[in-house]
Amino acid sequence: MEYFYEKFTFPPDQSFTVSSELLELKKYETLKCHIDFEIALIENCMGKRFIGDHIEDFYGTELVLMGSYLPHCWQYYQTVETMLQPQLIVVHFSPDFIGKDWLEKPEVKKTNELFANAAMGISFSGETVNKARLILNQMLFETGLTRMALMLQLLDILAKSPHAKILSSLNFNVIETPNEANKINKVFDYIFKNFKEEISLHDVASIIHMSTAAFCRYFKAKTNRTLINFVKEVRIGHAARLLIQGDFNITEVCYESGYNNISNFNKHFKELKGISPRDFIKQYAKIE
């Protein structure tokens, strides 16, 4: 089975990694986490982000910093500029990548605050994204001390950004070990694969060998949501993607998203999106 926890190996001549790739449009992916911090710049696509207990649509360009063991994944619905391929630039690093002592220096106070907030995930907007994009693209082609200097410059920009937004809730219980990550991943994986069917609390609890009462407490502590609300968000997120693609009408999308009642579907859609499915389609058409 797919595992929630990832482990990265850094080359012997690098204290952090930076890489880029072209993205393909994706359906739901298994949530992942890792001990290393991550900076992700995603460009030219729209979709939905899952970070900790945070679920939100995004459009265009995405710049996010995430701390250790923070569960995350992105869904990519569609490109913004259809003639261009969506792209990802990602950095993986440890906060003490240049030594533990540097975090104790007075000049690093803002950076330490940045790292503390990264435990909940941080998204950046405005001029911060433009500055970060330039540095990240430079880092792809530099090595040695020059690349390290660029990394420090990038962290300084993020630490001083006036356009930072905390994503996950303050009381989110960050997963602390790979075993814990693998445990809850079984639950997420089951929901992502079966959200079109009726999902039983008993069946989900039995996946990780818990009573229903213990599972309800556990799931609420890990996601700040009830199982019912989490499944609802997954279903409506899937419905929004189908509406954007335009291959199904609203009634068909209702049944393709795990609902057997159009009235209930419309109610949940408006509850989460703020507008009806029909108005959502109109709104998207205006963006296009």
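Helices, here runs of at least four residues, and strands, runs of at least two, are taken from DSSP and numbered from the N terminus. With that convention Arg-147 is placed in helix H3, residues 144-159, of what is a predicted model.

**Exercise 1. Decide what surrounds the charged side chain of Arg-147, and which side chain of opposite charge is nearest to it.**

Solution. Begin with the position in the fold: Arg-147 belongs to helix H3, which covers residues 144-159. Next, look for a charged partner: Arg-147 is buried yet has no salt bridge, and the nearest side chain of opposite charge, that of Asp-13, is 7.0 Å away. A salt bridge requires a side-chain nitrogen of Lys or Arg within 4 Å of a carboxyl oxygen of Asp or Glu, and so the absence of such a bridge for Arg-147 is in keeping with the 7.0 Å to Asp-13. Then turn to uncharged partners: the side chain of Arg-147 reaches the backbone oxygen of Phe-16 at 2.8 Å, and Arg-147 also lies over the face of Phe-16, at 4.1 Å from the ring centre. Finally, complete the surroundings: once neighbours within four places in sequence are set aside, Arg-147 is in contact with Gln-14, Phe-16, Thr-17, Val-18, Met-139 and Glu-142.

**Exercise 2. Find which aromatic cluster contains Phe-16, and classify the pair formed by Phe-93 and Phe-115.**

Solution. The cluster comes first: Phe-16 is joined in one aromatic cluster by Phe-37, Phe-93, Phe-97, Trp-102 and Phe-115. For the whole structure, the count comes to 15 aromatic pairs. In the case of Phe-93 and Phe-115, the ring centres are 6.0 Å apart and the planes stand at 45°, so the pair is tilted. The location of the two rings follows: Phe-93 lies in strand E7 (residues 87-93) and Phe-115 in helix H1 (residues 109-117), so the pair ties together parts that are 22 residues apart in sequence. As for accessibility, Phe-93 is buried with a relative accessible area of 0%, and Phe-115 is also buried, at 8% relative accessibility.

**Exercise 3. Determine which residues His-92 touches beyond its sequence neighbours, and which of its contacts is a polar contact between side chains.**

Solution. Place the residue: His-92 lies in strand E7 and, at 9% relative accessibility, counts as buried. When residues up to four places away in sequence are not counted, His-92 touches Phe-8, Phe-10, Phe-16, Thr-17, His-34, Phe-37 and Glu-38. Among these, Glu-38 is joined to His-92 by a polar contact of 2.9 Å between the side chains. A backbone distance adds to the picture, for the C-alpha atoms of His-92 and Val-18 are separated by 6.7 Å, although the two residues are 74 apart along the chain.

**Exercise 4. Trace the salt bridges of Arg-49 with Glu-56 and Glu-62, and state which residues share one network.**

Solution. The structure holds ten salt bridges. Glu-56 forms one with Arg-49, with the closest N and O atoms 2.5 Å apart, and Glu-62 forms another with Arg-49, again with closest N and O atoms 2.5 Å apart. Glu-62 lies in strand E5 (residues 54-66) and Arg-49 in strand E4, so this pair ties together parts that are 13 residues apart in sequence. Compare the accessibilities in turn: Arg-49 is buried at 5%, Glu-62 is buried at 5%, whereas Glu-56 is partly exposed at 27%. For a further bridge, consider Asp-156 and Lys-160, whose closest N and O atoms are 3.3 Å apart; Asp-156 is partly exposed at 33% and Lys-160 is exposed at 55%. Salt bridges that share partners join Arg-49, Glu-56, Glu-62 and Lys-165 into one network.

**Exercise 5. Establish where Asn-44 and His-209 lie, and whether each is buried or exposed.**

Solution. As background, most residues other than glycine have a negative phi. Asn-44, although not a glycine, has a positive phi of about 65°, and His-209, likewise not a glycine, has a positive phi of about 55°. Asn-44 is in strand E4 (residues 37-51), whereas His-209 lies in the loop between helix H5 (201-207) and helix H6 (212-223). The last step is accessibility, where Asn-44 counts as buried at 12% and His-209 counts as exposed at 73%.

How values were computed: Residues numbered from 1 in each chain as written. Predicted model: local features only at pLDDT ≥ 70, side-chain atom pairs only at ≥ 80, totals over all residues. Heavy atoms only, no water. Buried < 20%, exposed > 50% of the residue type's maximum accessible area, 1.4 Å probe, protein only. Lys, Arg positive; Asp, Glu negative; His and termini not counted. Polar contact = N/O pair within 3.5 Å; in protein donor to acceptor, adjacent residues only side chain to side chain. Contact = heavy atoms within 4.5 Å. Phe/Tyr/Trp six-rings, centres within 6.5 Å; stacked < 30°, edge-to-face > 60°. Lys NZ or Arg CZ within 6 Å of the ring centre and 35° of its normal.
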